[in-house]
Amino acid sequence: MYFKQITTPGLGCFSYAIGCPAAGEMVVVDPKRDVQDYLDISREEGMKIVHVIDTHVHADHVSGAQELKSQTGCDVMVYETSPVSYDFTPLKEGEQLVVGNAKLEVLHTPGHTPDALSLLVTDTTRGDEPWMLLTGDVLFVGDIGRPDLVGGAKLDEQVHNLWNSLYVKFAKFPDSLEVFPAHGAGSLCGRGMSSKPSSTLGFERRHNPMLGFDNFESFHLAMSQNFPARPKSFTHIISTNAEGAPLLERCPLDLAMNPYRFEEKMQDGAVVIDVRDAAAFAGYHIPGSLNIGFEPSLANWVGMTVEPDADILLVVDTRDDYERMRIELHRIGYDNIFGYLSGGIQAWVYSGRPVDSLAIDSAQVLQNIQEEGKPISLIDVRTPAEWAGGHIPGAKHIPLIDILDGKFDLDENAHHLLYCAAGYRANIAASYLQKHGYWDVRSLAGGYLAWSRAGFHTEK
């Protein structure tokens with residue numbers, strides 16, 4: 001049996017290729033939208049992709065099922081009651097798929113979504129008992145799937161589903177069964193996933209706090225609160241996956257735009273994302289642009305900041321950066337990418353068009369301001385948990401997600417200094433405030449990390 005886990009950095013997504021080189025066939029489970037990895041495996045291992053299975057209608061990334069179907073002719077499989085509008089092959093509880101010496105058995109495991117499935121995987125050359133369990137989003141390494149994404153009206157039902165899937169259905173399987181989830185660290189489909197890509201049922205039963213409840217009541221309480229923020233992109237991604245994602249070939253043509261054309265598109269309402277690092281953006285940038293640079297979870301932050309149906313323009317340093325960002329955006333269903341600024345920010349500057357800057361203060365400058373008793377609006381944009389772990393004295397706590405949702409009250413004419421853990425989120429927040437009329441905002445260089453490492457006082 002052939003088995004390989006494919007990781008999508010940043011989003012924390014795992015997909016799987018399972019097959020039999022002797023039989024020349026393979027199955028792909030939970031594919032990402034850019035499907036070249038699976039096509040390469042198919043070619044290199046001599047296995048035709050015959051089935052693609054989505055364990056559920058994903059909320060955090062666009063499925064590559066339609067791309068694979070278009071390029072290979074494989075059939076698309078989901079659980080029989082899945083709320084999708086495209087043609088699919090329905091899978092039922094207990095159904096078995098045999099691909100050479102690989103056998104996959106379907107388990108209906110609702111909880112993260114009502115129509116989710118898991119797959120028991122057996123290598124028949126080694127024995128008749130299942131070797132692995134592909135758990136989709138019902139069980140992660142160190143966590144379980146959040147039940148709230150289908151809406152508050154179904155939360156209680158979903159919590160009951162989670163309990164039955166995890167504590168009843170999985171209870172009959174041995175500790176030795178290996179667990180391979182659809183997501184890991186970086187995903188917002190759970191609350192505390194490990195960075196380890198796999199585990200065993202036994203280890204999770206002993207060390208996963210969400211599998212350690214003695215009764216349903218305490219489990220229900222724990223699973224009814226404190227969910228991660230839901231990005232703007234999730235609703236769009238769910239509907240895109242339910243309808244069947246459009247093929248990438250239908251996306252807008254990629255254009256290297258001169259400043260005149262770029263500005264024209266801006267005036268039509270396009271959102272400008274500047275992917276350069278914080279220091280480069282601070283030096284000068286196009287007025288109204290948002291600074292969302294390359295880092296592992298950039299797709300999540302785009303999903304928090306930009307509306308999914310927005311027309312998007314990119315400011316990048318190189319063509320390679322544009323291609324990289326385009327892939328990241330396509331993975332979360334942001335398809336209206338109309339191009340990038342040819343020649344980068346320098347072309348804009350040399351054209352004589354206006355620029356903005358974003359001042360960056362050091363920890364030492366902030367310390368001097370505080371020692372001299374000068375008034376300052378210091379904003380901590382980190383999460384509540386980070387804030388509780390320690391913060392800079394005199395700071396006001398406004399999480400980034402609240403700023404992006406407009407849940408704050410700040411004087412537009414005051415001087416605001418924003419900080420996060422290391423500077424990335426503060427720059428997103430500062431560029432967002434600049435775009436919305438706050439002309440005197442700054443970012444703390446190195447954020448809380450720099451402040452604490454400089455030896456300055458913190459408080460809890």
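Helix 9 (298-305) is part of what covers the buried residues of helix 6. This is a predicted model, and helix 6 is a handy place to start reading it. The helix runs over residues 233-243, and its buried set is made up of Ser 233, Phe 234, Ile 237, Thr 240, Asn 241 and Ala 242. As background for that pattern, an α-helix has 3.6 residues a turn, so residues three or four places apart point the same way. Right after helix 6 comes Gly 244, with a positive phi of about 95°.

Zooming out, the protein chain carries 16 helices and 22 strands. Its radius of gyration is 24 Å, close to the 23 Å that the globule rule gives for 460 residues, so the chain is as compact as a globular protein of that length. Measuring sticks laid along the principal axes would read about 75 × 55 × 40 Å for the C-alpha trace. As for burial, 53% of the 460 residues fall in the buried class. Take the contacts between residues at least 6 apart in sequence: 68% of them join residues at least 24 apart.

On the outside, the accessible surface of the protein chain adds up to about 18800 Å², with 50% of that belonging to carbon and sulfur atoms. The charge count is 37 positive and 61 negative side chains. The centres of these two sets sit 1 Å apart.

Turning to annotation, the UniProt record (an unreviewed entry) puts the feature "domain: Rhodanese" at residues 266-357 and 372-460. Over residues 266-357 the chain is 39% helix and 16% strand, and the C-alpha atoms at the two ends of that span are 19 Å apart. Residues 372-460 come out at 33% helix and 16% strand, with the end C-alpha atoms 23 Å apart.

Some individual positions are worth a look, beginning with strand 3. This strand covers residues 25-29 and includes Met 26. Met 26 counts as buried because its relative accessibility is 0%, against a cut-off of under 20% for that class. Beyond its neighbours within four places in sequence, Met 26 is in contact with a long list of residues, among them Ala 17, Ile 18, Gly 19, Tyr 38, Ile 41, Met 47, Ile 49, Val 50 and Val 99. One of these partners, Val 50, is 24 residues away from Met 26 along the chain, and the two C-alpha atoms are separated by 6.0 Å.

Asp 30 belongs to the loop between strand 3 and helix 1 (36-45). Its phi is near 55°, which is a positive value in a residue other than glycine. Asp 30 is also buried, at a relative accessible area of 3%.

Gln 158 offers a helical counterpart: it lies in helix 3, residues 155-169. With a relative accessible area of 0%, Gln 158 is buried. Setting aside residues up to four places away in sequence, Gln 158 touches Gly 111, His 112, Thr 113, Pro 114, Pro 147 and Val 150. Gln 158 and His 220 are 62 residues apart in sequence, and their C-alpha atoms are 9.9 Å apart in space.

Key:
Residues numbered from 1 in each chain as written. Predicted model: local features only at pLDDT ≥ 70, side-chain atom pairs only at ≥ 80, totals over all residues. Heavy atoms only, no water. Helix = DSSP H or I, 4+ residues; strand = E, 2+ residues; numbered from the N terminus. Rg over C-alpha atoms; globule rule 2.2 N^0.38 Å. Buried < 20%, exposed > 50% of the residue type's maximum accessible area, 1.4 Å probe, protein only. Contact = heavy atoms within 4.5 Å. Areas by Shrake-Rupley, 256 points an atom, 1.4 Å probe, with all protein chains shown as cover. Lys, Arg positive; Asp, Glu negative; His and termini not counted. Charge placed at Lys NZ, Arg CZ, Asp CG, Glu CD. UniProt positions renumbered as here; feature names shortened; annotations may be inferred.
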